[in-house]
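Please open the structure in your viewer and keep the selection tool at hand. The tour goes from one selection to the next and says what is found at each stop.

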Amino acid sequence: MIQLLANEVGYQEKSNGYTKFGDWYSQNVDTDPAFKTAAWCDMFLAWAARETGVEEYIGEFAFTPWHAAWFKKQDAWGDRPEPGALVFYDWSGGNDVDDVDHVGIVVKVVGDKIHTIEGNIDGGQAKRKVRDESRVAGYGYPAKIKERKAAEETTLTEADTPPPAGLEARLLSTASEPEPAQPLTPPIHPVSTVPAVYQSAQTLSVAGQAGATEPAPAAAAGRVATTSAPPQPERPQEPLPLKALTQVSHPAGPEAGSPFAPSVDSPVEPTALLLSAAVAIAYLTTRTRLPIPAVPGVFAAARGRHRRSAVNRRSR
């Protein structure tokens with residue numbers, strides 16, 4: 001930008017105050033045709049900034065007090081000269097931005113002197129000037145604005161940067177896989193897997209088949225209790241068939257299949273059964289001296305034998 005301005009050194013405005021910089025400004029920044037013949041020191045800098053693409057750091061103004069206030073608002077205002085800074089003058093020697101009268105650009109600083117390029121100076125010319133700072137109101141720093149904007153863009157870029165390839169997919173897959181639900185209560189084992197409960201069930205089954213009414217044994221400590229079946233209504237007893245009367249139920253003995261294991265259902269002849277009963281009755285009546293009831297047929301021999309035994313005892 002400084003080089004472009006240096007190329008315009010020696011430019012002179014027309015007799016009516018017309019300049020090409022004012023003409024450009026009225027067509028590109030503000031459409032008011034009055035700018036074609038207005039004071040052009042600030043429009044000179046705006047034109048160069050637009051031509052070099054740095055207008056967002058320099059600003060595009062035609063009124064110097066507004067331009068100075070803009071730098072101050074951008075937090076890019078100060079009193080230290082540096083190359084590239086815009087220098088604002090107050091011909092009365094003040095430092096209030098509202099009293100700024102003129103503007104130029106600092107090319108270099110030598111000692112306490114500033115070397116500048118300015119437009120609309122010394123009878124409407126573009127010239128190089130060497131000045132002291134006695135009438136400087138302050139400096140605007142385009143470099144500071146550029147630095148701040150670059151930092152803001154970096155922050156926005158980082159916020160908009162997508163995650164590394166594959167990371168988003170992994171995060172989504174992890175979030176979509178629910179953890180396995182944990183049981184709220186310990187698992188209940190089937191009866192077939194709990195020996196103690198299974199034995200209790202067997203005992204209940206055998207007792208039920210035999211007509212037992214004893215309560216079932218309690219489940220072992222630490223085992224899971226099972227729910228018993230609802231009680232069934234009692235059935236009326238039916239008379240036993242003849243086969244049941246002629247069968248003997250053996251108590252639990254050797255295991256089934258053993259050669260010594262008796263048959264559960266062992267048929268007995270009726271005659272043999274009656275003879276066995278008669279012998280048992282005779283023995284009991286002898287031991288207890290009970291009168292033998294008159295039993296025709298089978299018990300006659302037993303009664304005579306009993307009488308002979310009594311006669312023998314008396315004779316002794």
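## First stop: a loop and a helix

Begin by selecting D98, which lies in the loop between β2 (86-89) and β3, where helices (H or I, at least four residues) and strands (E, at least two) are DSSP runs, numbered from the N terminus. This is a predicted model, in which local features need pLDDT of at least 70 and side-chain atom pairs count only at pLDDT 80 or more, while totals for chains, interfaces and linings use all residues. Residues are numbered from 1 along each chain as its sequence is written, and side-chain values use heavy atoms, with hydrogens and water left out.

At 57% relative accessibility, D98 counts as exposed; here buried means under 20% relative accessible area, exposed over 50%, and partly exposed in between, with a 1.4 Å probe and protein chains only. Now add H67 to the selection: D98 and H67 are 31 residues apart along the chain, and their C-alpha atoms are separated by 9.9 Å.

H67 belongs to helix α5 (residues 64-73), so select that helix next and ask which of its residues are buried. They are T64, P65, H67, A68, W70 and F71.

Just after α5 comes D75, with a positive phi of about 60°. Most residues other than glycine have a negative phi. D75 lies in the loop between α5 and β1, and with a relative accessible area of 56% it is exposed.

## Second stop: the sheet

Select the strands now, and follow the order β1-β6-β2-β3-β4-β5, in which 6 strands form an open sheet with antiparallel pairing; two strands are said to pair if DSSP finds at least two bridges between them. Because β1 (77-78) and β5 stand at the edges, each with a single partner strand, one side of each is left without a neighbour in the sheet.

Within this sheet, look at strand β3 (residues 102-110) and strand β4 (residues 113-121), which run antiparallel and are joined by 5 bridges. If you pick I105, you will find I117 of β4 standing opposite.

How many bridges join β4 to β5? There are 6, and these two strands also run antiparallel. One place to look is E118, whose bridge partner in β5 is K127.

## Third stop: the hairpin turn

Stay with β4 and β5, which form a hairpin with 3 residues between them, and select D122 in the turn, where phi is positive at about 55°. D122 is a residue other than glycine, and at 38% relative accessibility it counts as partly exposed.

## Fourth stop: salt bridges

Side chains of opposite charge can pair when their charged atoms come close. In this tour a salt bridge is a side-chain nitrogen of Lys or Arg within 4 Å of a carboxyl oxygen of Asp or Glu, and a search of the whole structure finds 7 of them.

Keep D122 selected and add K127, since the side chains of these two meet in a salt bridge (2.9 Å, N to O). K127 is partly exposed, with a relative accessible area of 26%.

Next, select R80 and E82, which form a salt bridge whose closest N and O atoms are 2.9 Å apart; R80 is partly exposed, with a relative accessible area of 48%.

Then move to R148 and E152, where the closest N and O atoms of the salt bridge are 3.0 Å apart. Being 4 residues apart in helix α6 (residues 142-160), R148 and E152 are separated by about one helical turn. R148 is partly exposed at 29%, and E152, at 40%, is partly exposed as well. To end this stop, select D122, K127 and K129 together: salt bridges that share partners join these three into one network.

## Last stop: a negative patch

Finally, select D79, D112, D132 and E133, which form a negative surface patch. Patches are made of residues with over 30% relative accessible area and no salt bridge, like charges being joined within 9 Å and nonpolar side chains (Val, Leu, Ile, Met, Phe, Trp, Tyr) within 5 Å. Within this patch, D132 is placed in the loop between β5 (125-131) and β6 (136-140), and D132 is partly exposed, with a relative accessible area of 35%.

Technical notes: Areas by Shrake-Rupley, 256 points an atom, 1.4 Å probe, with all protein chains shown as cover. Lys, Arg positive; Asp, Glu negative; His and termini not counted. Charge placed at Lys NZ, Arg CZ, Asp CG, Glu CD.
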